[in-house]
Each structure stands twice: as C-alpha cells, then as structure tokens.
Amino acid sequence: MAPTHVLRCCQRGLAWIPVVFIALVVCWSYYAYVVELCIITIINTGEKIVYLVFFHLSFIMFVWSYWKTIFTRPANPSKEFSLPKAEKEQYEKEERPEAQQEILRRVASGLPLYTRTGAGAIRYCDRCQVIKPDRCHHCSACDMCVLKMDHHCPWVNNCVGFSNYKYFILFLAYSLVYCLFIAATVLQYFIRFWTLCRRKSAENCPQNDLPDTHAKFHILFLFFVAAMFCISILSLFSYHLWLVGKNRSTIEAFRAPVFRNGPDKNGFSLGFSKNIAQVFGDQKKYWLLPVCTSQGDGLTFPTRLVNVDPEQPTVILQTDCSSKSVEDGSIPQSPLSDSQNRLLANDHHSSDDHLGIDALKSDGSDGITILMESDS
Ligand SMILES: [Zn+2]
Ligand SMILES: [Zn+2]
C-alpha cells in the first residue's frame, strides 16, 4: 500500500472523531435523561410519561436529521460540465491561459452558466477537470466539486451543500429543540440537587424528597451540557435562517457571486418566501421532515437575470435534490416550467430586482480578462 494511500485512510478515519464524539454525548444524554432522570429520580408517573414522550419525539427527529446530513452524498456536477475529449486534450496541451479560456468559453456557451470568476473568466476546476456550475465550489476536504456548496462541516464529516442543506438546517433546529427541552425539564431537578449539595455541606440538611444518589451528577452535568449546546447552536441556527431568507450560501455571504455584470450578493434572491421554498419546497407539510423537497437540480438556479440574458439557454426548475438525478446528467433545456414561472413571477416588484436590472443596463462591455479562480 502506498504511503500516500495510508495517510489518506488515516485522515478519513480521524475525520470521524467529531461525529463519534457527538454520538457518544447523545448516547450519554439519552441514558442520563431516560434512566437517571425519568426512571430513577422522577416519582410522579404522569410527569414521567409526558417527559418521555416529548423527549423521544425530539430525539428521533434530531437523530433522523443528523443521520441524513451525515450520509447524504454531496451532489457533483454532471457529465455535461466536463470538457468533451477533444477539447480536454486541447486544453491540456495549451499553455496560454487566454487560449485555455477560449476553449472553456466555447464549451460553456452551451451550458446554463451565469456566474464567473472575480476577473470575469469561466469558473473551471483543474482538480476535477470540470466547468463549475453556478454556486458550485471545490471542497479540498472532500476533494470534489460540490453543487451549491455551503461549507464543509467537521461535526457531520460531510460537505453541506445542495443535496443536504435542508437536512442540515433541520439538524440544527432539532438539536436546539432537544437541548432546550432537556434544559427546561431538568432545571427544577438541577436546582433541587444543587440546593441539596449545599445544605449537606453545611451539615444542615432538611428533609428533601430527592435521594442523594449518583443520579445527581448525571442531572447536574446534563443541564450544563444542554445549556452550553443551546447557546452555541442558537447563533449558528439563526445565521443559517438568515442565509436561507436571503438565498445565500455561507461562501456567498463572504464573497458575493460574480455575474456577467459584476458581483451581486443578492443575485440568487427571489424574495423571502421563494427563497425559503427553494430550500424547503412548496409544500409546508414537508418542511419539518428531513426528506428531499428542495427545489431545482443544483446545477442551475433562477437568477434575477435569467429572463434577460439572451446568450444563455433557458433552464427548468424541477423538484429533485437526490444526487442520483444529478449524476445521470441531463441538462434541462426546455422552457420554464410552471414552478419556475411561479418562482420568477412578480420578481420585478422587489427592490432587489431593480439593482440587478440596473446593473445589466449599465453594462457596456463583455470583456473577459484571464485569471483562474482559486477556490479552496
Ligand atoms: Zn473540483
Ligand atoms: Zn467537503
């Protein structure tokens, strides 16, 4: 076995450590809550049952969404975004960046692309040898190009992108619910155990209905851990809800996507409710379930410029976020579907649109300078 291969295997193994850590904490929290709190500590049967039912509901939703975030494979660009054999050979032989860009522009002219590098060049991944679809970025940890890449998350050992962004948001939501529920229900027992401790040390312990057992340590620790996770998850969850409302990925929040007419941080924003629908789907009954309801194919996204760029083919928006559909690789070329028409309808009423259309009108040149984007 080659040393680099062994190193790669070690890296892959080590990358699971944060996931194993979270899994162990979750298993312990389950034991501490169900056994030490509900079975050993709580005496009232009604309270026991109510706590156990709600705890298991939040536990199941949390584990389900976490599982889906971890094990949903990131979606990659389809075959159409790879260079055809002849162009690829030509590209590899060519040393002048200008000529290479010319080849890329020729191939890209048949693809639904709206974004460019900061210098206006076609976005190409040398590592994957593929023209990057809009919102796609190369992840160095996964060593692949990921559609609508948001970020690489070590806590799920996976890339968060088009295929699992909804699951990731739900994972944050349900972990917050799980921690809040634990903290809220454990609080009164936490206070009673805490008081018990202090009184015992003062050798003035009155009658107390809680036995001084090892359950005390589990419950004290359970409250601290739940409260700590609540605080850290809340900030991340709020940030991602804001991103969904704006239709931006984390990468785009830091670096605005560059369209033919320049950078536009709101380039993919279709208005609040349509932005939400793009991630969670049209049907509200599925919003809270970690099942695939995100709109689109991950390769093309409606932009505010989609109707006014005559050089680009029209795109269809279909409801399918499974990586299989992306890999089997058909680029939609048919006219706008009903769902996309609905997405784009009334666009011109939003203030964001004026920015985009003004930018388009003011653009006089189509000059593209040569500089490869350095994605990491
Ligand atoms: Zn790549
Ligand atoms: Zn990744």
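## How α2 and α7 cross

Helix α2 passes helix α7 in a left-handed crossing. Do keep in mind as you look at this pair that the model is predicted. Sorted by type, the residues that form the contact of α2 with α7 comprise 9 nonpolar, 3 polar and 1 charged.

Which residues of α2 meet α7? They are V25, S29, A32, Y33, E36, L37, I40 and T41. On the α7 side, their partners are A215, H218, I219, L222 and V225.

## Geometry of the pair

Two packed helices are described by the angle between their axes and the distance between those axes. Here, α2 spans residues 17-41 and α7 spans residues 215-246, and the two pack at an angle of about 130 degrees with their axes 10 Å apart. That angle makes α2 oblique to α7, because it falls outside the ranges for roughly parallel, roughly perpendicular and roughly antiparallel.

## Annotated transmembrane regions

An unreviewed UniProt entry gives the annotation "transmembrane region" to residues 15-42, 49-67, 167-191 and 219-242.

It is worth following two of these spans in the model. Residues 167-191 are 100% helix and 0% strand, and the C-alpha atoms at the ends of that span lie 35 Å apart. Residues 219-242 are likewise 100% helix and 0% strand, with 34 Å between their end C-alpha atoms.

## The chain as a whole

Stepping back, the protein chain has 12 helices and 9 strands. Of its 376 residues, 35% count as buried.

How do the contacts spread along the sequence? Among those between residues at least 6 apart in sequence, 67% join residues at least 24 apart.

Key
Residues numbered from 1 in each chain as written. Chains lettered and ligands numbered in written order. Predicted model: local features only at pLDDT ≥ 70, side-chain atom pairs only at ≥ 80, totals over all residues. UniProt positions renumbered as here; feature names shortened; annotations may be inferred. Helix = DSSP H or I, 4+ residues; strand = E, 2+ residues; numbered from the N terminus. Axes fitted to C-alpha atoms, helices over the stretch in contact; angles between N-to-C directions. Parallel < 35°, antiparallel > 145°, perpendicular 65-115°, else oblique. Left-handed = near helix turned anticlockwise from the far one by under 90°. Contact = placed C-beta atoms within 7 Å. Nonpolar A, V, L, I, M, F, W, Y, C, P; charged D, E, K, R; others polar. Buried ≥ 20, exposed ≤ 12 C-beta atoms within 10 Å, placed from the backbone.
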